[in-house]
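Subject: Structure for your review

Dear colleague,

Please find the structure below, handed over for your use. A written account of the findings comes after it.

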Amino acid sequence: MSAWLGEPDRVNLFLFHPGRAAIREDRPWVQFRMVLDASSDEPAAQAGRLAEQIVAADPRRTAEVCGGSVEFARRLGYPWPPRTSV
């Protein structure tokens, strides 16, 4: 999980599938990114809201693939995100 200075109203949550051990074991893996909205709410209330967002749906279905490789994503059954021009 990270929050970036340039995006004070967002929290980035990074998840690995099938798990980080796959990297060490040289097995296919992908990384997902969920972007959660942060607010100035009281920390306890905000933590509860963020936790609800995280568990509301399977992140493998709702988050974007942001790491691994095209081949690993294909082998695990996930679409690789299209290239964006900057």
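The paragraphs that follow describe the fold as a whole, then the sheet, and then several individual residues.

**Overall description**

Please note that this is a predicted model. The protein has 86 residues, and 26% of them count as buried. Its C-alpha atoms fill a box of roughly 40 × 30 × 20 Å along the principal axes. The accessible surface amounts to about 6,200 Å², and carbon and sulfur atoms contribute 54% of that area.

Four helices and three strands make up the secondary structure. Along the sequence they follow the pattern β-α-β-α-α-β-α. Among the contacts with a separation of 6 or more, 46% are between residues 24 or more positions apart.

As for charge, the protein carries 11 positive and 11 negative charges, and the mean positions of the two sets lie 10 Å apart.

**The sheet**

The three strands form an open sheet in the order β1-β2-β3, with antiparallel pairing. The edges are taken by β1 (10–17) and β3 (64–67); each has a single partner strand, so one side of each has no neighbour in the sheet. From one strand to the next, the twist averages 40°.

The pairing of β1 with β2 (residues 30–37) is antiparallel and extends over eight bridges. Two facing pairs can be located within it: Arg10 stands opposite Asp37 in β2, and Leu13 stands opposite Met34 in β2. Helix α2 (residues 43–55) packs on the sheet, where it touches β1 and β2, and its direction makes about 140° with that of β2.

On the other side of the pairing scheme, β2 and β3 are joined by three bridges and run antiparallel. Here Arg33 stands opposite Glu64 in β3.

How much of β2 is covered? Six of the eight residues of β2 are buried, so that the strand is mostly covered. Gln31 lies in this strand. Gln31 counts as buried because its relative accessibility is 17%, and the cut-off for buried is under 20%. Leaving aside neighbours within four places in sequence, Gln31 is in contact with Phe14, Leu15 and Phe16, and also with Glu64, Val65, Cys66, Gly67 and Gly68.

**Residues in the loops**

Ala63 is placed in the loop between α3 (59–62) and β3. With a relative accessible area of 14%, Ala63 is buried. Which residues does Ala63 touch, not counting residues up to four places away in sequence? They are Phe32, Arg33 and Met34. Ala63 and Arg33 are 30 residues apart in sequence, while their C-alpha atoms are 5.5 Å apart in space.

Two further positions deserve a note on backbone geometry. As background, most residues other than glycine have a negative phi, and most peptide bonds are trans. The peptide bond from His17 to Pro18 is cis, with omega near 5°. Pro18 lies in the loop between β1 and α1 (21–24). Asp26 has a positive phi of about 55°, although it is not a glycine. This residue, Asp26, belongs to the loop between α1 and β2.

Is Asp26 buried or exposed? Asp26 counts as exposed because its relative accessibility is 67%, and exposed means over 50%.

Ser40 is found in the loop between β2 and α2. Ser40 also counts as exposed, at 78% relative accessibility. Ser40 and Ser2 are 38 residues apart in sequence, and the C-alpha to C-alpha distance between them is 17 Å.

**Points to take from this**

In brief, the model shows a three-stranded open sheet with antiparallel pairing, and helix α2 packs on it, touching β1 and β2. Within the sheet, β2 is mostly covered. Among the loop residues described, Ala63 is buried, whereas Asp26 and Ser40 are exposed. For backbone geometry, the entries to look up are the cis peptide bond from His17 to Pro18 and the positive phi of Asp26.

Yours sincerely

Terms used: Residues are numbered from 1 along each chain as its sequence is written. This is a predicted model: local features need pLDDT of at least 70, side-chain atom pairs count only at pLDDT 80 or more; totals for chains, interfaces and linings use all residues. Side-chain values use heavy atoms; hydrogens and water are left out. Buried means under 20% relative accessible area, exposed over 50%, partly exposed in between (1.4 Å probe, protein chains only). Contact means heavy atoms within 4.5 Å. Accessible areas come from the Shrake-Rupley method with a 1.4 Å probe; for residues, only the protein chains shown count as cover. Lys and Arg count as positive and Asp and Glu as negative; His and the chain ends are not counted. The place of a charge is taken as NZ of Lys, CZ of Arg, CG of Asp or CD of Glu. Two strands pair if DSSP finds at least two bridges between them. Axes are lines fitted to C-alpha atoms, for helices over the stretch in contact, and angles run from 0 to 180 degrees between N-to-C directions.
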